[in-house]
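This briefing describes selected features of one protein structure for a first-year reader. Please keep the sequence and the three-dimensional view at hand while reading the points that follow.

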Amino acid sequence: MPPRCPTLQGTLAPFLYPFLISNAAKSSVRPIYNSIRRYESTGVESVQQLPEEGSHLNPPPTDYSRTIFTDRATVTLYAGAGGHGCISFLREKYIAAGPANGGDGGSGGNIYIQAVRGETSLHKLARRNILKAGRGKNGQGKTRGGERGDDIVLQVPVGTVVRETERIDPVAIEEQRLKFEAGKEDAVDASGPWKWSRDKWLLYPATTPEDIATAEFPSLPRGRKSALAMSQVKAPISLDLTAPMERPLLLAAGAIGGLGNPHFVTKTVPRPKFATKGEQGVKITLELELKLLADVGLVGLPNAGKSTLLRAMSKSRARVGNWAFTTLQPNIGTVVLDNHKGRPLSQAKYGDGEPRTSFTIADIPGLVQDAHLDRGLGISFLRHVERARVLAFVIDLNAGDAVEALKGLWKEVGEYERMKIEEQKEQSDPIVHWSPFTSVEDALANRQETIAVSSGPTLENPLTPAAPSIAGKPWFVVATKADLPGTKENFEALTAYLELVNSGEEEHPSGQQKLLEGKVEGIPISAINGHGVERITEWTIGLLDD
């Protein structure tokens with residue numbers, strides 16, 4: 001009986017769908033099985049001996065860690081609104097109409113931010129892009145004030161840049177409105193009489209519409225702010241959280257609660273039947289950008305062996321594979337120098353004299369040619385090595401000319417820095433700059449009429465300090481896959497080029513002048529076998545100490 005789905009000769013369909021062929025068809029494809037087995041047996045002899053499958057350097061897919069990474073997030077924050085004031089009167093025996101004893105409303109919750117160790121991503125905030133602090137509780141009888149609202153603490157990774165894009169402050173808007181209407185002829189008279197406003201006043205439930213129409217309300221209290229508002233970050237917010245924080249930083253203070261009816265007792269109105277509502281909280285929209293603070297940043301082409309190198313130097317479980325773009329998002333690994341079980345691998349200290357027990361490595365996705373033109377994964381991930389103290393360029397010796405690959409990587413790094421400088425320049429330029437005057441003297445004489453609106457932070461809250469040039473950082477070259485045949489000549493050419501760069505006969509690969517002086521070293525390794533990795537640790541410690 002012929003097979004239900006006859007197979008084509010020379011294809012691998014029987015391997016994919018063995019249940020579709022009969023026994024007779026299986027005998028006809030045995031030569032294919034035999035040829036595949038012979039190919040596998042000969043291929044093992046010609047290829048290098050890899051580590052045992054299931055080890056840390058040659059892991060199975062089940063050993064890969066699932067990394068959830070987000071380096072940009074936009075969050076909208078709402079400070080807690082204040083609770084309403086209470087309308088209440090004393091009720092006791094033998095007292096027919098007791099005095100007013102309503103309590104004030106509680107203040108709204110505050111919003112804080114704190115940079116903590118252990119956080120490596122902004123995905124938690126990106127999922128919850130709207131965060132609201134707790135609302136203050138309403139006041140109660142017997143002059144009992146309402147409880148404060150619950151606070152919110154935003155915990156972000158170290159290296160997060162915070163920028164404010166929008167702010168709506170109801171109290172400030174009300175103050176501006178009063179100032180604007182103060183000069184109008186039809187403005188409300190500050191001495192009264194005042195009428196009921198649904199947005200500001202609370203009324204006793206038994207009050208009738210006739211009572212509202214004939215009643216004269218006292219002057220409405222001006223918008224009030226919490227005393228904590230003096231300690232919050234000045235607007236517009238521009239923060240660069242480059243160090244862990246012991247105490248959180250106040251971004252927005254909660255609104256003030258409303259006033260109870262005892263605040264409006266007068267000789268003519270001994271038992272007021274109205275109270276005020278609580279103020280609305282501030283709304284702030286923030287843009288968060290994460291720039292990982294790693295000691296070493298790995299920069300290289302796709303499939304150059306960066307993730308394998310990261311696994312060889314640390315306990316990272318980054319995904320590895322023999323294809324391009326295995327890494328789709330940055331990975332962080334920690335190289336332990338002193339595990340407190342014996343003699344440390346290296347004697348190093350921080351700038352303050354504290355012994356260094358580890359350093360971190362950032363592995364970013366590979367850069368292809370013309371990555372600054374948004375090819376491949378682009379160059380947006382280079383922000384994570386922008387703050388790295390040391391750059392390690394990972395070059396594959398088995399993938400063409402190593403010198404040209406190094407120059408291509410430096411070209412993409414230079415294009416990223418150029419684009420970053422242009423972006424900062426655009427942000428610092430004023431959006432509106434208009435003046436009706438023709439000369440500087442005329443403008444100085446009428447300075448109040450000149451309009452100059454800037455889009456960036458003010459002098460009281462300046463921009464974050466400029467980071468040093470990427471080309472000015474110490475760097476070295478890691479030549480991977482040096483155990484493969486035919487890579488010796490390529491490494492010798494790379495070493496000769498680096499010697500010329502060190503001596504000054506060749507210009508810096510970035511093309512810039514007056515950069516950091518220091519020797520550039522090329523280190524050959526075999527990351528898959530763990531050969532030569534110890535030398536990278538020693539060389540990195542020397543650069544970090546300098």
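Strand β11, residues 296–300, is mostly covered, with 5 of its 5 residues buried. The structure is a predicted model, and the points below treat its strands, its ring contacts and its backbone in turn.

**Strand β11 and its partners**

- The residues of β11 point in two directions: V296, L298 and G300 face one way, while G297 and V299 face the other way, and all are buried.
- Strand β11 is joined to strand β13 (residues 358–363) by 3 bridges, and these two strands run parallel.
- In that pairing, V296 of β11 stands opposite I361 in β13.
- Strand β11 is also joined to β14 by 5 bridges, again in a parallel arrangement.
- Here V296 stands opposite V390 in β14.
- As a general principle, the strands of a sheet pair through backbone hydrogen bonds, and the pairing is either parallel or antiparallel.

**The loop leading to β11**

- Where is K291 found? K291 lies in the loop between β10 (283–290) and β11.
- K291 has a relative accessible area of 9% and is therefore buried, since buried means under 20% relative accessible area.
- Leaving aside neighbours within four places in sequence, K291 is in contact with V158, G159 and V161, and also with R383, H384, E386 and R387.

**A sheet of three strands**

- An open sheet of 3 strands follows the order β4-β2-β8, and its pairing is mixed.
- Strands β4 and β8 (249–252) stand at the edges with a single partner strand each, so one side of each has no neighbour in the sheet.
- From one strand to the next, the twist averages 35 degrees.
- Strand β2 (residues 111–116) and β4 run parallel and are joined by 6 bridges.
- Within this pairing, I111 stands opposite I152 in β4.

**Aromatic pairs**

- How many aromatic pairs does a search of the whole structure find? The search finds 7 aromatic pairs.
- F393 and W410 form a tilted aromatic pair, with 4.7 Å from centre to centre and 35 degrees between the planes.
- This pair links distant parts of the chain: F393 belongs to strand β14 (residues 390–396) and W410 to helix α8 (residues 402–428), 17 residues apart.
- F393 counts as buried because its relative accessibility is 0%.
- W410 has a relative accessible area of 1%, so W410 is buried as well.
- W410 also forms an edge-to-face aromatic pair with W475, at 5.3 Å centre to centre and with 75 degrees between the planes.
- W410 lies in helix α8 and W475 in strand β17 (residues 475–480), so this pair ties together parts that are 65 residues apart in sequence.
- Both members of the pair, W410 and W475, are buried.
- Elsewhere, ring pairs link W201, F264 and F274 into a cluster.

**Charges over rings**

- The charged end of K132 sits over the ring of Y78, at 5.3 Å from the ring centre.
- The charged end of R271 sits over the ring of F89, at 4.2 Å from the ring centre.

**Backbone features**

- In general, most residues other than glycine have a negative phi, and most peptide bonds are trans.
- Is the peptide bond from A235 to P236 cis or trans? The bond is cis, with omega near -5 degrees.
- P236 is placed in the loop between α6 (209–214) and β7 (238–241).
- T143 is not a glycine, yet T143 has a positive phi of about 60 degrees.
- T143 lies in the loop between β3 (130–132) and β4 (152–157).
- T143 counts as exposed because its relative accessibility is 57%, and exposed means over 50%.
- K481 is another residue other than glycine with a positive phi, in this case near 60 degrees.
- K481 is located in the loop between β17 and α10 (488–503).
- With a relative accessible area of 22%, K481 is partly exposed.

Definitions and conventions. Residues are numbered from 1 along each chain as its sequence is written. This is a predicted model: local features need pLDDT of at least 70, side-chain atom pairs count only at pLDDT 80 or more; totals for chains, interfaces and linings use all residues. Side-chain values use heavy atoms; hydrogens and water are left out. Rings of Phe, Tyr and Trp (its six-membered ring) pair if their centres lie within 6.5 Å; planes under 30 degrees apart count as stacked, over 60 as edge-to-face and the rest as tilted. Helices (H or I, at least four residues) and strands (E, at least two) are DSSP runs, numbered from the N terminus. Buried means under 20% relative accessible area, exposed over 50%, partly exposed in between (1.4 Å probe, protein chains only). A charge sits over a ring if NZ of Lys or CZ of Arg is within 6 Å of the ring centre and within 35 degrees of the ring normal. Two strands pair if DSSP finds at least two bridges between them. Axes are lines fitted to C-alpha atoms, for helices over the stretch in contact, and angles run from 0 to 180 degrees between N-to-C directions. Contact means heavy atoms within 4.5 Å.
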